[in-house]
Amino acid sequence: MRIIASPKQFLVFKKRFMPWCVISHISLLSFGLWFAFFGSPPDYQMGEAVRIMYIHVPASWLALGIYALMALHAIIGLITKHPLADIIVKASASVGALFTFISLITGALWGKPMWGTWWVWDARLTSVLILFLLYLGYLTLVDSFENHAQGLKVGSILVIVGAFNLPIIKWSVNWWNTLHQPASLTKLSAPSIHPEMLTPLLLVTGAYISYFIIMLLLRIEIEYYRRREQNLYSLKTQTTIH
Amino acid sequence: MEKLNSIFETPYAYYIGSAYGIVLLSCFIFLMTTLFQSMKAHKKIKSLEETLKDNDF
C-alpha cells in the first residue's frame, strides 16, 4: 500500500507492474477462450448454451468482489482519512459497473434459451440490478459535488450502506424460491461442477481479475493526474495573487 | 474448427455469439476509453508543468 500511496512511486510501480498484468491477461484470456470453446464438453441439460456460463459467472463474481473491495476501502477511508482509500473506491467503481453490466447482459442472453425469457423479477436478478444501480449512483454522486472531497465522502457512505445488498445477492437463491440456479462452486463442500468445465471458468476469472488490475492502475493514474492538475492550478493562482 | 462449427450450428449460436461479442467489445471499448483518458491527462499535466516552468512560477 505504501508503494502506491506516493504518486511518484505509484507511477514507477505502475510502469513495472503493468506489462506483467497485460501478459497474464492475454495468456489467461487466450487459454480461457480456448478451453471455453474447445476444451470443455456441452452440458447434458443445457447443451452448447453452457458456454455462456464461462463469461457470465466470473463477471458476477467480479461485480460482487469489486463492490466488497470498494466497501472495505470506503470504511478504511472514513476511519483513517487516507486519500488513497478514496481513490481506490472511485477507480474501482466504473470497472465494477462494467462487470455488473456484463453479468446482466450475458445472464439475459443465457436466460432466454434456457428459461424462455430475457428477464424475471426474481430475487437474484433484481438484487444484481440494484447492485448495478448502486455503482451508477456512486459514479453520479461523487462527480455531482463541487467540493470533490465531500463528494467522495458521501459516495463512501453510499457504498457502505449499499454493501448490505451483497449478502442478499449471495444467498437470495437459498432464501427465496428463484428461477436462478443455486451456487455450484462457492459452497463449502466440493464443487458440483466437472473439472473440464471448472478449468475455463477459473481461467476466465483470472483474465477478468488481471483486466480489473490493469484498469485499476490506469484509473488511479488518471485520478493522480487530476489531483496534480488541481494542485498546479491552485499554485498558479496563489503565485499570481502574491 | 469442426467443434466450433458444431457449436455455432446449434440454435444457441446467436446467444453464445452475442454474449461473447458484447463482453469482448465492451471490455475493449472501456479499455481504450480509459487509455485515452490517461494519455490526455498525462499530456495536460506535462503542458501545464511546462507553462508554469516557462513563466517562472
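## A helical two-chain model

With 16 C-beta neighbours inside 10 Å, A:Val154 counts as partly exposed. On this scale, a residue is buried if 20 or more other C-beta atoms lie within 10 Å of its own, exposed if 12 or fewer, and partly exposed in between, with C-beta atoms placed from the backbone. Before going further, please keep in mind that this is a predicted model, in which local features need pLDDT of at least 70, side-chain atom pairs count only at pLDDT 80 or more, and totals for chains, interfaces and linings use all residues. Residues are numbered from 1 along each chain as its sequence is written, while chains are lettered from A and ligands numbered from 1 in the order in which they are written.

Let us stay with A:Val154 for a moment. A:Val154 sits in helix H6 of chain A; helices here are DSSP runs (H or I, at least four residues), strands are runs of E (at least two), and both are numbered from the N terminus. Beyond its neighbours within four places in sequence, A:Val154 is in contact with A:Leu141 and A:Phe145, where contact is defined as C-beta atoms, placed from the backbone, lying within 7 Å. A:Glu221 is 67 residues away from A:Val154 in sequence and 22 Å away in space, C-alpha to C-alpha.

Helix H6 of chain A also holds A:Gly151. A:Gly151 is partly exposed, because 17 C-beta neighbours fall inside 10 Å. Not counting residues up to four places away in sequence, A:Gly151 touches A:Leu141, A:Val142, A:Asp143, A:Ser144 and A:Phe145. Its C-alpha is 9.4 Å from that of A:Tyr138, 13 residues away in sequence.

Two other residues of chain A are exposed. A:Leu235, in helix H8 of chain A, is exposed with 12 other C-beta atoms within 10 Å. Its C-alpha atom is separated by 29 Å from that of A:Thr140, 95 residues away along the chain. A:Lys81 is found in the loop between H3 and H4 of chain A and is exposed, with 11 other C-beta atoms within 10 Å. A:Lys81 has a positive phi of about 60° although it is not a glycine. For background, most residues other than glycine have a negative phi.

Now for the two chains as wholes.

| Chain | Helices and strands | C-alpha extent along the principal axes | Buried residues | Mean pLDDT |
|---|---|---|---|---|
| A | 8 helices, 0 strands | roughly 75 × 40 × 30 Å | 36% of 242 residues | 87 |
| B | 2 helices, 0 strands | about 70 × 20 × 5 Å | 14% of 57 residues | 86 |

Chain A reads α-α-α-α-α-α-α-α along its sequence. Of its contacts with a separation of 6 or more, 75% are between residues 24 or more positions apart. Chain B has 2 helices and 0 strands. Its radius of gyration is 23 Å, well over the 10 Å that the globule rule gives for 57 residues, so chain B is more spread out than a compact globule. That radius is taken over C-alpha atoms, and the rule is 2.2 Å times the number of residues to the power 0.38.

What lies at the heart of the packing? In the largest nonpolar core, which has 66 residues, A:Ile52 and A:Phe99 touch the most other members. Helices H2 (7-37), H3 (53-80), H4 (83-115), H5 (123-143), H6 (148-162) and H8 (195-241) of chain A, together with helix H2 (13-54) of chain B, each supply at least two residues of this core. H8(A) gives the most, with 16 residues. A nonpolar core is a set of buried Ala, Val, Leu, Ile, Met, Phe, Trp, Tyr and Cys residues joined through C-beta atoms within 7 Å. Leaving aside neighbours within four places in sequence, A:Phe99 is in contact with A:Ala59, A:Leu62, A:Ala63, A:Ile66 and A:Tyr208.The contact between the chains takes 27 residues from chain B and 30 residues from chain A. On the side of chain B that touches chain A, helix H1 (2-8) and H2 of chain B each give two or more residues, and H2(B) has the largest share, 21 residues. This side of chain B divides into 17 nonpolar, 7 polar and 3 charged residues. Here Ala, Val, Leu, Ile, Met, Phe, Trp, Tyr, Cys and Pro count as nonpolar, Asp, Glu, Lys and Arg as charged, and the others, Gly among them, as polar.

Finally, a word on confidence. The predictor gives the complex an ipTM of 0.87 and a pTM of 0.89. For pLDDT (the predictor's confidence in each residue, from 0 to 100), 93% of the residues of chain A score at least 70. Among the elements of chain A, helix H1 (residues 2-5) has the lowest mean pLDDT (60) and H3(A) the highest (94). Where pLDDT is low, the predicted coordinates should not be read in detail.

Key:
Two residues are in contact if their C-beta atoms, placed from the backbone, lie within 7 Å.
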